[in-house]
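Colleague: Please take a close look at one part of this model, the contact between chain A and chain B. I would also like to know what lies around it.

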Protein chains: 2
Amino acid sequence: MTRQAAVRGRPRSEKAEKAIIGAALDLIGEGTSVSELSIEAVAARAGVGKTTIYRRWTNKEDLVGDALATLKAPLPALAGRSVREDLIVYLDVMRQDSRTLRTRCIMNIAMSEPERHPRLYERFRQSVIEPRRCALQAVLERGRASGELREDLDVELAMAMLSGTMMWHTKWASDLDPLPDDLAARIVDEALLGFRAR
Amino acid sequence: MTRQAAVRGRPRSEKAEKAIIGAALDLIGEGTSVSELSIEAVAARAGVGKTTIYRRWTNKEDLVGDALATLKAPLPALAGRSVREDLIVYLDVMRQDSRTLRTRCIMNIAMSEPERHPRLYERFRQSVIEPRRCALQAVLERGRASGELREDLDVELAMAMLSGTMMWHTKWASDLDPLPDDLAARIVDEALLGFRAR
DNA sequence: GAGTTTCGCTACGGGAGCGTATCGCAAGAT
DNA sequence: ATCTTGCGATACGCTCCCGTAGCGAAACTC
């Protein structure tokens, strides 16, 4: 994997690499779409020559892909004590994420550019969406098995209801009027009225 | 309102105007974002000189605003026979809309460019979002008054759950795998399990 | 110290789109 | 017939960005 023969010249600057990725994320976080993102702007923001960028990435998508990959927020640990508790933790992470600029920006990319940058989207889906989706699914399946939830609950639909409701809020929330702290709990409690076995 | 003094020269071609708006909608529908949309491309697509566009609209946002305004889909008529029926009609319109290209494109604008084009977004919100939002709210309030729904139902949250769940589906639906016909009914029935008075 | 590679910087030719101006023709009012 | 305005077309100078090349300095290995 690593160097088998000694590297001969000046090594590539790790600092420059991080500056480039950081600059790209900053720009995207400020609302620049992937298509609008220019290498020149990234280089200027990073305090780096364009050459340094082209030497590492052959196209914009690869750069953005690597940049987004560094953001993969850790999956929240779900204690598994109760479905309600796990769901609240899960949704509250979404709520908190919606307040940070960078997460908003990757949401924008994920939401609005799937068909425009399919490879980028696919990569993002596998590294970020799919694991979370599985975690949520597991919580609901577990609840169904334990009897906390209805036997005939449509898990796919339930996932869409939970995520969709929080997503709806995060999309329409303004910066001035952030989402209330107990939003996750209120969503989960309302949803569980229907999900629960009775 | 109209001409008080006679119009002196050659009148503006209504045909050209429609061609311009149509071209703009086509391009946006094909995935061009508002920022990427170029006047030159619109003019070329419409078979029109750039001058003809600049004579009517001073900036891109006004043009796109007028274009989107022509799309305002009619609010679905809600019969008012039952909450369940009204909600299904309401959500099913969302589902059907998600299959037409132009509706998808205005959704993209509404979802991803609110901060980038605030005036455009505001206009869209008032002409499209707000009326629908009011209609949905009215259905739920009516249901609460009639006893079909819980007295203590959080109407705002219920609206987010219904719309958010359908929106979630429309966002992740692929063209190959369209949303099932009974999706609206399934969402409503699942939600009503919690919303209903018991 | 010699050799090699990367560094930030500047400059290049080229393409795309901007918004404006000007053309000769078209379409109406007077 | 004359006047006025809109029409499509073309061209202009401008800005932004592309991707590449060359510069001298810097950072390593040998």
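Modeller: What follows goes through the contact between the two chains, then the domains of chain A, then the DNA.

The model is predicted, so every value here is computed from predicted coordinates. Between the chains, 35 residues of chain A are in contact with 35 residues of chain B. About 3,100 Å² is buried between chain A and chain B, and carbon and sulfur atoms give 62% of that area. On the chain A side, the residues that lose the most area to chain B are A:Trp168, A:Trp172 and A:Glu190, which together make up 20% of what that side buries.

Charged pairs also cross this contact. There are 5 salt bridges between chain A and chain B. One of them joins A:Asp154 to B:Arg186, with the closest N and O atoms 3.1 Å apart. The count of residue pairs in polar contact between the two chains, both residues at pLDDT 80 or more, is 8.

As for where the chain A side comes from, four helices each supply at least two residues: α6 (101-112), α7 (118-146), α8 (155-172) and α9 (183-195). Of the elements of chain A, α8(A) gives the most to the side that touches chain B, with 11 residues. By class, the residues on that side of chain A divide into 15 nonpolar, 10 polar and 10 charged.

Next, the division of chain A itself. Chain A is divided into domain 1, residues 14-60, and domain 2, residues 83-195. The centres of domain 1 and domain 2 of chain A, taken over C-alpha atoms, are separated by 30 Å. Where these two domains of chain A meet, 8 residues of domain 1 are in contact with 8 residues of domain 2. Domain 1 and domain 2 of chain A bury about 670 Å² between them, with 63% of it on carbon and sulfur atoms. The side of domain 1 of chain A that touches domain 2 has 3 nonpolar, 4 polar and 1 charged residues. Across this interface within chain A the rule finds 0 salt bridges. The count of residue pairs in polar contact between the two domains of chain A, both residues at pLDDT 80 or more, is also 0.

Last, the DNA. DNA strand C is surrounded by 23 residues, and the closest are A:Thr52, A:Arg55, A:Arg56, B:Lys50 and B:Tyr54. Of the atoms of strand C within 4 Å of the protein, 66% belong to sugar or phosphate, and the rest belong to bases.

Three side chains can be described atom by atom. An N or O atom in the side chain of A:Arg55 is 2.3 Å from a phosphate oxygen of DNA strand C. For A:Thr51, a side-chain N or O atom is 2.9 Å from a base nitrogen of strand C. From chain B, an N or O atom in the side chain of B:Arg10 is 3.0 Å from a base nitrogen of strand C. The elements that give two or more residues to the surface near strand C are α3 (50-56) of chain A, and α2 (39-46) and α3 (50-56) of chain B. The largest share of that surface, 4 residues, comes from α3(A). By class, the residues of the surface near DNA strand C divide into 6 nonpolar, 8 polar and 9 charged.

Technical notes
Residues numbered from 1 in each chain as written. Chains lettered and ligands numbered in written order. Predicted model: local features only at pLDDT ≥ 70, side-chain atom pairs only at ≥ 80, totals over all residues. Heavy atoms only, no water. Domains from an automatic or database assignment. Contact = heavy atoms within 4.5 Å. Buried area = accessible area lost by both parts, 1.4 Å probe. Salt bridge = Lys/Arg side-chain N within 4 Å of Asp/Glu carboxyl O. Polar contact = N/O pair within 3.5 Å; in protein donor to acceptor, adjacent residues only side chain to side chain. Nonpolar A, V, L, I, M, F, W, Y, C, P; charged D, E, K, R; others polar. Near = heavy atom within 4 Å.
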